Every structure is written in C-alpha cells, then in structure tokens.
Amino acid sequence: MRDAAGDLLAWYDGHARDLPWRVAPAARAAGVRPDPYRVWLSEVMLQQTTVAAVKAYYERFTTLWPDVGALAAAPDDQVMGEWAGLGYYARARNLLKCARVVAGDLGGQFPDTREALVKLPGIGPYTGAAIAAIAFDAPEVVVDGNVERVMARLHDIHTPLPAAKPALVEAAAGLTPAERPGDYAQAVMDLGATVCTPKSPACGICPWMARCAARKAGTQADLPRKTPKKPKPTRLGIAYVARRADGAWLLERRPGKGLLGGMLGWPGSDWSDAPAPAPPVQADWRDLGEEARHTFTHFHLRLAIRVAHLPEGAVAERGDFRPPAAFRPSELPTVMRKVFDLARPALENTR
C-alpha cells in the first residue's frame, strides 16, 4: 500500500488544517522549516487535549515566552497558572524541566532525532517521534488517537484498544514514506480529525476510500473497538480557606511529587472516601455549605469548603500567609481556583 502515502499527501496539500504551530505544506515546499520549540510546545499541550482547546493556550504561551530560553527563565508559578485547564500538571513541570535542559545544556537547540529527544524530560516515544518527524522531517512512525482510528479502519482491525496498539503501529509503519514524512505524519492526523472522524466518517471524500478494508466490509462506524473503561471513583476532601485581618491568604505548597505536585493551593485534608479533618490553624472554621467539584483523569473529586477569618498576626501550623499583592488566583491550579471562587465572597471584605 505504499501508493497510499502519495494519495494522502496530495489530499493534504489541498486540505491541511490551518494551525498556529504548523508550517503549511506549500510554505514547507518553498523551504520554510518549522520551529522545533513551537512543535515541541504544541505536541506537549496536545497530549490528552483537543486542538480547539489548545489554540488559545498555545498563542498565550508563545506570546509570553516566544522561545525556549524565555520559557526556561519563566517563574514556575506563572507557568503553572497559565497551564491551568490543560490538565496533567506533571506535563507543565516537565515542560519547564525540558526547556531548562535545552536552554542550559544544549545551547537552546532541540535534538533532531527521536532517540535523543526521548532522553529529555517529558518527551515519550510518541512525542519524540512527532517532533522528529514534524520539525526535522525524520521518517518516524507517529501514532496518536486519530492515526489509530484511521489504521483500524483502513486495515479493518477489530482487536480492541489498547491491545490493538502494536498492530496499529505496525500498520502505520508500513505506510510511512521516506519523502515528506513530516507532512505525512500531519496528514494522517488531519485525515482522522476532519474526515475519518469517530462518528459518521465522511468516507465519500476520503482519499483512501478505495483502499479502506473497513469501508468494504461495512464496519467503519464500529472501529476502532475499545475495551470498556471502568467507572471513575469519587473521592472526598476538605479545603480550608483562611484570610487574616491584614488581607493575607493562607496557602500551602503541595509536595513535589504526586497530583498537583509542587503547586500552591489551599491547605486541606487527604482525598479519600472518608477524609479526616486537618485544619492548618486553630480558628472558628465555618462550613461554606458548598463543594468544589473537579474531575481528574482517574477520579472525581468533591471538596467541602471551610472558611475562617483570622486576627492580624495569626500564625499557621501549616502553610504560609501571602499578602494580597503577592497572591494571584490565576496561578492556582483549576481545582483550587474553583475553591477560591466559592470561598472568596465570604472572606473578601476581611481587613
């Protein structure tokens, strides 16, 4: 099926999506080369997130930090705050680690091979292959969710995901061309995103319509098959929001490892089926009667909110007080921002 690559590239030349991090096929043919920094940034952002959601984040990041040196020099809390809403804060921490390695140890230049790229923080096999292909035109096999769906249908593969991944990667490898591999990698992703969509694929306008085994068998709408996911459990917790009479807010930095690792937030209890109360300071805590609800990858979280006014000079057993001038709610992770939005009306007039 080697001719398939040529058919797809011809389609891509006329139908490529206009994306802020992409060099269009005509521009690439004219000699314009992608900026590896921007390819890397977009690929990290796109992990577990849609193109539509990423665009605004990408444009804001590249305005604030137009190159890897600027990002490497950025304050951690500011980057974490700008990342809020993209999920997986570990990715943001690794983003900073990677930027600092590239800027500090590699002279600001990203490696041009998958093997070297995957040695950098936060770059796994998929991301390394994508950067190598898109930024450096290396003939790497790039397989994301869109590509998995296209390959499952093109070859009529019925093994459920994730067990089907090796077969789908092998199928993708058999089609990856030596010429224009970067454009080809983006073309397959575009095909999955715009034509070979999860529901109601537009087979009539697909450049691979005549080659598609699932279309011939009438099974395209059923593929790819997936092993049913287990329902997400719900965990409970308590968030304590306190403000001193001088306007300072009591915040706590979470441990460096684990969920929301190293990020600022409100002191709280454990997150479990039956969280134990853990107030960070002796105070007249009032149950707000509202919950901040948030969904992480593996569980739903419901945080009860307790608020307290504290006298000037109060000292906490846990956490640190931040004066209003040093407190930026935008730098909190999303779940902690939700807590703040609910608690603020009860505390904002404390002076």
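Start with the whole chain: of its 351 residues, 47% count as buried. What you have open is a predicted model. Show the C-alpha trace, and you will find that along its principal axes it spans about 75 × 45 × 30 Å. Switch to a cartoon view and you can look for 14 helices and six strands.

Now turn on the surface. The accessible surface of the chain comes to about 16,700 Å², and 53% of that belongs to carbon and sulfur atoms. If you colour by charge, there are 44 positive and 38 negative side chains to pick out. The centres of these two sets lie 4 Å apart. One more figure for the overall view concerns contacts with a separation of 6 or more: 70% of them are between residues 24 or more positions apart.

**First stop: salt bridges**

Side chains of opposite charge can pair when their charged atoms come close. How many salt bridges does the structure hold? There are 19 salt bridges in the structure, and three of them make good stops.

Select R180 and D13. Their side chains meet in a salt bridge, with 2.7 Å from N to O. This pair links distant parts of the chain: D13 is in helix 1 (residues 3–15), while R180 is in the loop between helix 11 (165–173) and helix 12 (181–194), 167 residues apart. R180 is partly exposed, at 29% relative accessibility, and D13 is partly exposed too, at 44%.

Next, select R322 and D77. Here the closest N and O atoms of the salt bridge are 4.0 Å apart. Again the pair links distant parts of the chain, with R322 in strand 6 (residues 320–322) and D77 in helix 6 (residues 76–83), 245 residues apart. Are the two partners buried or exposed, or in between? R322 is partly exposed, at 23% relative accessibility, whereas D77 has a relative accessible area of 17% and counts as buried, because that is under 20%.

For the third pair, select R244 and D246. They form a salt bridge with closest N and O atoms 2.9 Å apart. R244 is buried, with a relative accessible area of 16%, while D246 is partly exposed at 31%. Before leaving the salt bridges, add D183 to your selection of D13 and R180: salt bridges that share partners join these three residues into one network.

**Second stop: a buried glutamate**

Move to E148, which is found in helix 10 (residues 145–154). E148 has 11% relative accessibility and counts as buried. Which residues does E148 touch, leaving aside those up to four places away in sequence? Display V143, L161, K165 and L168, and you have its contacts.

**Third stop: two cis peptide bonds**

L161, one of the residues touched by E148, leads straight to the next feature. The peptide bond from L161 to P162 is cis, with omega near 10°. You will find P162 in the loop between helix 10 and helix 11.

For another example, jump to L223 and P224, which are joined by a cis peptide bond with omega about 0°. P224 sits in the loop between helix 13 (213–217) and strand 1 (234–244).

**Fourth stop: positive phi angles**

Select D137, in the loop between helix 9 (125–136) and helix 10. Its phi is near 60°, a positive value in a residue other than glycine. D137 is partly exposed, with 30% relative accessibility.

Then go to L260, which also has a positive phi of about 60° although it is not a glycine. Look for L260 in the loop between strand 2 (249–253) and strand 3 (264–265). L260 is buried, with a relative accessible area of 4%.

**Last stop: cysteines**

A disulfide is a covalent bond between the sulfur atoms of two cysteines. How many disulfides are counted in this model? The count comes to zero.

Select C196 and C206 to see one case. The sulfur of C206 is the nearest cysteine sulfur to that of C196, 6.2 Å away, and C196 is in no disulfide; the cut-off for a disulfide is within 2.5 Å, so this pair does not qualify. C196 is buried, with a relative accessible area of 11%. To finish, select C98, which counts as buried at 0% relative accessibility.

Definitions and conventions:
Residues are numbered from 1 along each chain as its sequence is written. This is a predicted model: local features need pLDDT of at least 70, side-chain atom pairs count only at pLDDT 80 or more; totals for chains, interfaces and linings use all residues. Side-chain values use heavy atoms; hydrogens and water are left out. Buried means under 20% relative accessible area, exposed over 50%, partly exposed in between (1.4 Å probe, protein chains only). Helices (H or I, at least four residues) and strands (E, at least two) are DSSP runs, numbered from the N terminus. Contact means heavy atoms within 4.5 Å. Accessible areas come from the Shrake-Rupley method with a 1.4 Å probe; for residues, only the protein chains shown count as cover. Lys and Arg count as positive and Asp and Glu as negative; His and the chain ends are not counted. The place of a charge is taken as NZ of Lys, CZ of Arg, CG of Asp or CD of Glu.
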